[in-house]
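Dear colleague,

I am handing over the structure we spoke about, placed just below, and after it I set out what was found in it. Please read the notes with the model open beside them.

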Amino acid sequence: MSEPDEALELQYDFDFDTLVTVRRLVERYAERRRLTGQDLYRFVVAVNEITTNAVRYGGGGGRLSLWQAGGRLHCRVTDSGPGLPRPYEHGHRPVPPGSSSGRGLWLARQWVNHLTIESDANGTTVTLETAAPQPDHP
C-alpha cells in the first residue's frame, strides 16, 4: 500500500503492516488543519484505537477517510468484518477491570466530540468528529 497524496479528503486502505503509517498520516493531516497539543494527541489516539479494532476484529484491515467540514475534523473507518451486535451500546461505559477488550471504543468516545457506529453483517463503520480550529481571516 502506498502513501496517498494529501488533499481536502484523504483516503487510505490499511492493514496490520500499515497501522504506524496510518497513525502518522492522521497526525500530519490533523496538524495541517491546525489541531495542536492535547486535542491533536487525543484525536490521533482515538483514530488509532478504531483502526486497530478494524485490524483485530474487522477482517484484518479497512479504509480510513479524513475530511474537514463545518469547523470539524472527521474520520471514518470502515471494515468488512462480521459486524457488532447492538453497535449503539458499544463504548459508552468503561469496561470492568481485568477485561481483555473493550477499552478502545470507550477511549475513542471520550476523546472526540462525537462518535457514531454503524454495523451489520457486511462490516462496521465508525465515524469520529472533533472540533477543528478555523483559519484566521484578515
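I begin at D120, which, once its neighbours within four places in sequence are set aside, is in contact with G81, P82 and G83. Please keep in mind throughout that this is a predicted model. D120 belongs to strand β4, which covers residues 114-120, and its relative accessible area of 44% places D120 among the partly exposed residues. A further approach in this part of the model is that of D120 to P85, whose C-alpha atoms lie 7.9 Å apart although 35 residues separate the two in sequence.

To put that strand in its setting, the protein has three helices and five strands, and, read from the N terminus, these elements follow the order β-α-α-β-β-α-β-β. Of the 138 residues in the protein, 40% are buried. Taking the contacts between residues at least 6 apart in sequence, 57% of them join residues at least 24 apart.

The helices come next, beginning with α1 and α2. Helix α1 spans residues 19-32 and helix α2 residues 37-57, and the two pack with their axes 10 Å apart, at an angle of about 150°. Because angles over 145 degrees count as roughly antiparallel, α1 is described as roughly antiparallel to α2. The crossing in which α1 passes α2 is right-handed. On the α1 side the contact is made by L19, V22, R23, V26, E27, A30 and E31, and these meet L40, F43, V44, V45, V47, N48, T51, T52 and V55 on the α2 side. Sorted by character, the residues of this contact comprise ten nonpolar, three polar and three charged.

Helix α1 also holds Y29, which counts as buried, with a relative accessibility of 0%. The C-alpha atom of Y29 is separated by 8.2 Å from that of L10, a residue 19 positions away along the chain.

In the loop between α1 and α2 sits R34, a residue that is not a glycine and yet has a positive phi of about 70°. With a relative accessible area of 36%, R34 is partly exposed. R34 and A132 are 98 residues apart along the chain, while their C-alpha atoms are separated by 7.0 Å.

The second helix pair is that of α2 and α3, whose axes come within 9 Å of one another and cross at roughly 150°. These two helices are therefore also roughly antiparallel to each other, and their crossing is left-handed, whereas α1 passes α2 in a right-handed one. From α2 the contact draws on Y41, R42, V45, A46, E49, I50 and N53, and from α3 on G104, L105, L107, A108 and W111. The residues of the contact of α2 with α3 divide into eight nonpolar, two polar and two charged. V45 of α2 is listed in the contact with α1 and again in the contact with α3.

What does the model show in the way of aromatic pairs? The structure holds one such pair, formed by Y41 and W111, whose ring centres are 5.7 Å apart and whose planes make an angle of 55°, so that with planes from 30 to 60 degrees apart the pair counts as tilted. This pair links distant parts of the chain, since Y41 lies in helix α2 and W111 in helix α3 (residues 103-111), with their positions 70 residues apart. Are the two partners buried or exposed? Y41 is partly exposed, at a relative accessible area of 48%, and W111 likewise counts as partly exposed, at 24% relative accessibility. Both Y41 and W111 are also listed among the residues through which α2 and α3 make their contact.

With kind regards

How values were computed: Residues are numbered from 1 along each chain as its sequence is written. This is a predicted model: local features need pLDDT of at least 70, side-chain atom pairs count only at pLDDT 80 or more; totals for chains, interfaces and linings use all residues. Side-chain values use heavy atoms; hydrogens and water are left out. Axes are lines fitted to C-alpha atoms, for helices over the stretch in contact, and angles run from 0 to 180 degrees between N-to-C directions. Helices (H or I, at least four residues) and strands (E, at least two) are DSSP runs, numbered from the N terminus. Angles under 35 degrees count as roughly parallel, over 145 as roughly antiparallel, 65 to 115 as roughly perpendicular and the rest as oblique. A crossing is left-handed if the near helix is turned anticlockwise from the far one by less than a right angle, and right-handed if clockwise. Contact means heavy atoms within 4.5 Å. Ala, Val, Leu, Ile, Met, Phe, Trp, Tyr, Cys and Pro count as nonpolar, Asp, Glu, Lys and Arg as charged, and the others, Gly among them, as polar. Rings of Phe, Tyr and Trp (its six-membered ring) pair if their centres lie within 6.5 Å; planes under 30 degrees apart count as stacked, over 60 as edge-to-face and the rest as tilted. Buried means under 20% relative accessible area, exposed over 50%, partly exposed in between (1.4 Å probe, protein chains only).
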